[in-house]
Amino acid sequence: MPLAVYALTAGAFGIGTTEFVIMGLLLQVAGDFGVSVSMAGLLISGYALGVFAGAPILTLATRRMPRKTVLLALMLIFTIGNLACALAPSYWALMAARIVTALAHGTFFGVGSVVATSLVAPDRKASAIAVMFTGLTVATLLGVPFGAWLGLALGWRATFFAVAAIGVVALIVLSLFVPRATAVEAPVSLRQEVGAIFTPQVQLGFLMTVLGFAGVFTVFTYVQPILIQLTGFSEAAVSPILLVFGLGLVGGNFIGGRWADRNLVAALIGTLAALLIVLVAMRFVLDSKIAVVIAIGLLGVTAFATVAPLQLRVLEKAGPAGRNFASSLNIAAFNLGNALGAWLGGATLDHGFGLGAVPVSAAAVTALGLLTAFWSVRLDRKPQALAACAE
């Protein structure tokens, strides 16, 4: 892999850390600003909405700019946003700073995916995406726990200062190693770029992403109460188990990338099917501590094994005209899936089905994602069948 791909990984690490680190700081933020924990939790929702809104807006606004310039500008927004979080004088100022920071998220991963694939041979495109997204998995594995520890030791503001410092490092690395040659591309009209995302296959790609990751976050959002209240783990045991999940993310990320390079359709169907199997199996092992830990690790593997195939599928179907916009929107679709999954898990509990039913709800929505994948692949084969008949 070129050094530029690893430079993108550094940026992804910083963005991944700032997205999830707030989960380990909710009690401190709530206490500092005198708000409820649930209100502090809205800082997570605000970030997700910022990603969803920022991806299409910033991607279209920067469509004529060189890609390297776009990446540097986005990392600058990220750094300034985290400094604003660290200095926020009130809850609403922190919310605004979080949303500003989130605006860079979707476009960075979207444009970064396009840049990463442009730097490698055609048979390594999915692996390049996987390497870039390793930054996100390492952020979940190491950045978030370290940020939570730093916040506990020195206060939550120290965590955001540290993330801003990561942004400065990423900015330097990107400026040094991402070549400007990746910025040169033939101009595409706005009508062509926007029109490319409204093709049926791109829309199905977005739907697969939303449904697939909704299944992951239906369970992951409520993993702590599941482990404590159903399986019987202590609160202290949750963090080591989440470390197992993080290790699974790293492994799954590379598995999905390598598989997609060899056979994208097989990887697309296979990873979603594997995720479905793990979610179904989880429902039947909730009373076994060893089995649950194994299931959590496998959930990490299968969850991130889907990322490279889902992202590459959308890139391929959008074509050269729409790949920047489609790539960024697919990142927004991942975040929309996160929000949908959290809502679905909560709705399952609110309707009295209990924590044991959460994996069932997760499996149901993932099954819809798998059916969408089969539908998309079938549409691929129809023109081939028609062409064969014509011959």
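This is a short tour of a predicted model, with three stops among its helices.

**Stop 1: helix H7**

Select residues 156-177, which form helix H7. The helix has 22 residues. From its first C-alpha to its last it reaches 32 Å, close to the 32 Å expected at 1.5 Å a residue.

Now show the side chains that are buried. In H7 these are Trp156, Ala158, Thr159, Phe160, Val163, Ala164, Gly167, Ala170 and Leu174.

Which helices do the buried residues of H7 pack against? Add them to the view one by one: H1 (3-20), H2 (26-33), H4 (67-87), H5 (91-118) and H6 (125-154). Keep H4 and H5 on screen for the next stop.

**Stop 2: the H4 and H5 pair**

Hide H7 and look at how H4 and H5 lie against each other. Their axes are 8 Å apart, and the packing angle is about 155 degrees. Angles over 145 degrees count as roughly antiparallel, so H4 and H5 fall in that class. The crossing of H4 past H5 is left-handed. Color the contact of H4 with H5 by residue class: it has 16 nonpolar, six polar and two charged residues.

**Stop 3: Thr372**

Move on to helix H15, residues 358-390, and pick Thr372 within it. Is Thr372 buried or exposed? Its relative accessibility is 6%. Buried means under 20%, so Thr372 counts as buried.

Finally, show what surrounds this side chain's residue. Leaving out residues up to four places away in sequence, Thr372 touches Leu204, Leu207, Met208 and Leu211.

Definitions and conventions
Residues are numbered from 1 along each chain as its sequence is written. This is a predicted model: local features need pLDDT of at least 70, side-chain atom pairs count only at pLDDT 80 or more; totals for chains, interfaces and linings use all residues. Side-chain values use heavy atoms; hydrogens and water are left out. Helices (H or I, at least four residues) and strands (E, at least two) are DSSP runs, numbered from the N terminus. The expected span of a helix is 1.5 Å times one less than its number of residues. Buried means under 20% relative accessible area, exposed over 50%, partly exposed in between (1.4 Å probe, protein chains only). Contact means heavy atoms within 4.5 Å. Axes are lines fitted to C-alpha atoms, for helices over the stretch in contact, and angles run from 0 to 180 degrees between N-to-C directions. Angles under 35 degrees count as roughly parallel, over 145 as roughly antiparallel, 65 to 115 as roughly perpendicular and the rest as oblique. A crossing is left-handed if the near helix is turned anticlockwise from the far one by less than a right angle, and right-handed if clockwise. Ala, Val, Leu, Ile, Met, Phe, Trp, Tyr, Cys and Pro count as nonpolar, Asp, Glu, Lys and Arg as charged, and the others, Gly among them, as polar.
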